[in-house]
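Welcome! Open the structure below, keep the sequence beside it, and work through the exercises at your own pace. Each task is followed by a solution in steps.

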Amino acid sequence: MENFRKESDLLGELNVPLDAYYGVQTQRAINNFKISGQLLSSYPDFIKGLAFVKKAAAKTNYELGLLDENLYFKIAEACDEIVAGKYHEQFPVDMIQGGAGTSINMNANEVIANVVLEKLGKNKGEYEFCSPNDHINLSQSTNDAYPTGIKMGLLHMNIGLVEKLEKIIAAFRAKGQDFHDVIKMGRTQLQDAVPMTLGQEFEAFAATLEEDISKLNNNASLFVEVNMGATAIGTGLNAPVGYATLCAKNLAQITGFPIISAPDLVEATPDTGSYVIYSSAMKRLAVKLSKICNDLRLLSSGPRAGLFEINLPPMQPGSSIMPGKVNPVIPEVVNQVCYKVIGNDLTVTFAAEAGQLQLNVMEPVLSHAIMENINFLCNALDTLHDKCVVGITANKEVCLNMVKHSIGIVTALNPYIGYKQSTEIAKEALETGKSVYNLVLEKGILSQEKLDEILDPKNMLKPHNK
């Protein structure tokens, strides 16, 4: 027992590891919530977000005369150290928990209080000198500090996600330039359509993902509206006059984000609309990313009995029974990440809907689902970039041969010989195995010179006049 200290709360005494900076309420959460195995310590941006909130709250309390100068500076110093990455192992509570986030809020309060006590030359747990509740949580409640910490964490995490997205967009665009002269068949409904270039196909991958940068950033911008000063339900009980506006101003100055106080704190306290719309932007990205991975798997299928238009970098043997088989494992794993993101979006939707009256108690699973999605997407984008996209090569001759032997090029004849005659040519080509080119010449429908001009694949890559 010499390795523990006793701390007490509403429910009585509990042993806490002697060297732990957290306290009794964190210890209860450790004991009670063995759920996901994903701890607060796994999400450093969330921990930093909580530290930003606690520093802004301390600064506001000091400026309003509620906190003495020495204690304020020590609290600010402790928060700065946490933002710099120190003490993160002292946040061991499960991300999914009951209590609407109280355990996470108290984890932050206790760690900061005990760091301050150490700076004051006191022992951990001597809370009469710096209390988790009376000093670190002063003028706050879990119901305003916790969601604000989530939002600060998500603002930072979104920056990282967008950076990963920009990197893979650049990679797809570079491949689009590399493949600008690779003629191939486009396909609709998995059937031959009309010619295009492989470069156009890869540029389209870049363009569709690029649209999601603005969606993510615009939706993340909703996180700048916070409910600090709302305390329990938005009425501001136990927060001094002017606290909400001043705390938002201080949080903006500390974080560099344009933080504002919500115009209606009673409305803002249970509101989770910003999480729902941001999660939907990630779902949209996941749907697009999964579609691209499906395309990469199709385009690389083969090598002898598939499309085989591109080569993906070989990453590992593909079978324990089939020698020589190499599978598209990187697009496959990204597909699976996308399914997880889509599923987590549904979790966010249910959790947001489950709010009742003046509080949404489901914010722990909601915030966990969103933060897990960001981490998954960041890792997936990095993996797809590093282990797949940058190493893709084109099978130029395969692509060109498919164009030459495709029935789809008959579409180019429509403006010249009409839909009905084009259909007859296509049908006969399919039935006889003859090429569209030879059939048109045999029937004397067009001169060879005109036919060569019309059916030149390069002339089918953009709009043109007759």
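## Exercise 1: The largest cavity

The largest cavity is lined by P147, T148, K151, V226, N227, A268, T269, D271, Y275 and E363. Keep in mind that you are looking at a predicted model.

**Task.** Find how much space lies in the largest cavity, and which helix gives the largest share of its lining.

**Solution.**
- Step 1. Begin with the search of the whole structure, which finds two cavities of 30 Å³ or more.
- Step 2. Take the largest cavity: it holds about 50 Å³ of space.
- Step 3. Turn to helix α6, residues 142-178, which supplies three residues, the largest share of this lining.
- Step 4. Sort the lining by class: four residues are nonpolar, three are polar and three are charged.

## Exercise 2: The second largest cavity

**Task.** Work out how the lining of the second largest cavity divides by class.

**Solution.**
- Step 1. List the lining residues: L312, P313, M315, N327, P328, V329, I330, P331, K387 and C388.
- Step 2. Sort them, and you get eight nonpolar residues, one polar and one charged.
- Step 3. Look for the main contributor: α11 gives three residues, the largest share of the lining.
- Step 4. Add the volume, which is about 40 Å³ for the second largest cavity.

## Exercise 3: The largest pocket

**Task.** Which residues lie nearest the centre of the largest pocket?

**Solution.**
- Step 1. The largest pocket has a volume of about 350 Å³.
- Step 2. Its lining is made of 16 residues, and those nearest the centre are S300, G302, P303, V326 and N327.
- Step 3. By class, this lining holds eight nonpolar, six polar and two charged residues.
- Step 4. Compare your lists: N327 is in the lining of the largest pocket, and N327 also lines the second largest cavity.

## Exercise 4: Buried or exposed?

**Task.** Decide whether T26, S290 and S320 count as buried or exposed. You need two cut-offs: buried is under 20% relative accessible area, and exposed is over 50%.

**Solution.**
- Step 1. T26 is part of helix α1, residues 24-32. Its relative accessibility is 0%, so T26 counts as buried. Leaving out residues up to four places away in sequence, T26 touches P92, V93, M106, N107 and E110.
- Step 2. S290 belongs to helix α10, residues 273-299. S290 has 7% relative accessibility and therefore counts as buried. With the same sequence neighbours left out, the contacts of S290 are N335, C338 and Y339.
- Step 3. S320 sits in the loop between β7 (310-311) and α11 (329-353). Here the relative accessibility is 85%, so S320 counts as exposed.
- Step 4. For a sense of distance, pick S320 and A206: they are 114 residues apart in sequence, and their C-alpha atoms are 35 Å apart in space.

## Exercise 5: Checking a helix

**Task.** Why does the span of helix α12 agree with what its 25 residues suggest?

**Solution.**
- Step 1. Helix α12 covers residues 363-387.
- Step 2. The expected span is 1.5 Å times one less than the number of residues, so α12 should span 36 Å.
- Step 3. The end C-alpha atoms of α12 are 35 Å apart, which agrees.
- Step 4. Finally, ask how covered the helix is: 18 of the 25 residues of α12 are buried, so mostly.

## Exercise 6: A record and the model

**Task.** Describe the part of the chain that UniProt marks as a domain.

**Solution.**
- Step 1. The unreviewed UniProt entry places "domain: Fumarate lyase N-terminal" at residues 12-343.
- Step 2. Over residues 12-343, the chain is 56% helix and 8% strand.
- Step 3. The end C-alpha atoms of this stretch are 40 Å apart.

Key: Residues are numbered from 1 along each chain as its sequence is written. This is a predicted model: local features need pLDDT of at least 70, side-chain atom pairs count only at pLDDT 80 or more; totals for chains, interfaces and linings use all residues. Side-chain values use heavy atoms; hydrogens and water are left out. Helices (H or I, at least four residues) and strands (E, at least two) are DSSP runs, numbered from the N terminus. Buried means under 20% relative accessible area, exposed over 50%, partly exposed in between (1.4 Å probe, protein chains only). On a 1 Å grid over the protein atoms alone, a cavity is a set of points where a 1.4 Å probe fits but cannot get out, and a pocket is an open set with protein on both sides within 12 Å along at least five of seven lines; lining residues have an atom within 4 Å of a point. Grid points are joined across faces, edges and corners, and a volume is the space filled by probe spheres set on the points. Ala, Val, Leu, Ile, Met, Phe, Trp, Tyr, Cys and Pro count as nonpolar, Asp, Glu, Lys and Arg as charged, and the others, Gly among them, as polar. Contact means heavy atoms within 4.5 Å. UniProt positions are given in the numbering used here, feature names are shortened, and annotations may be inferred rather than shown by experiment.
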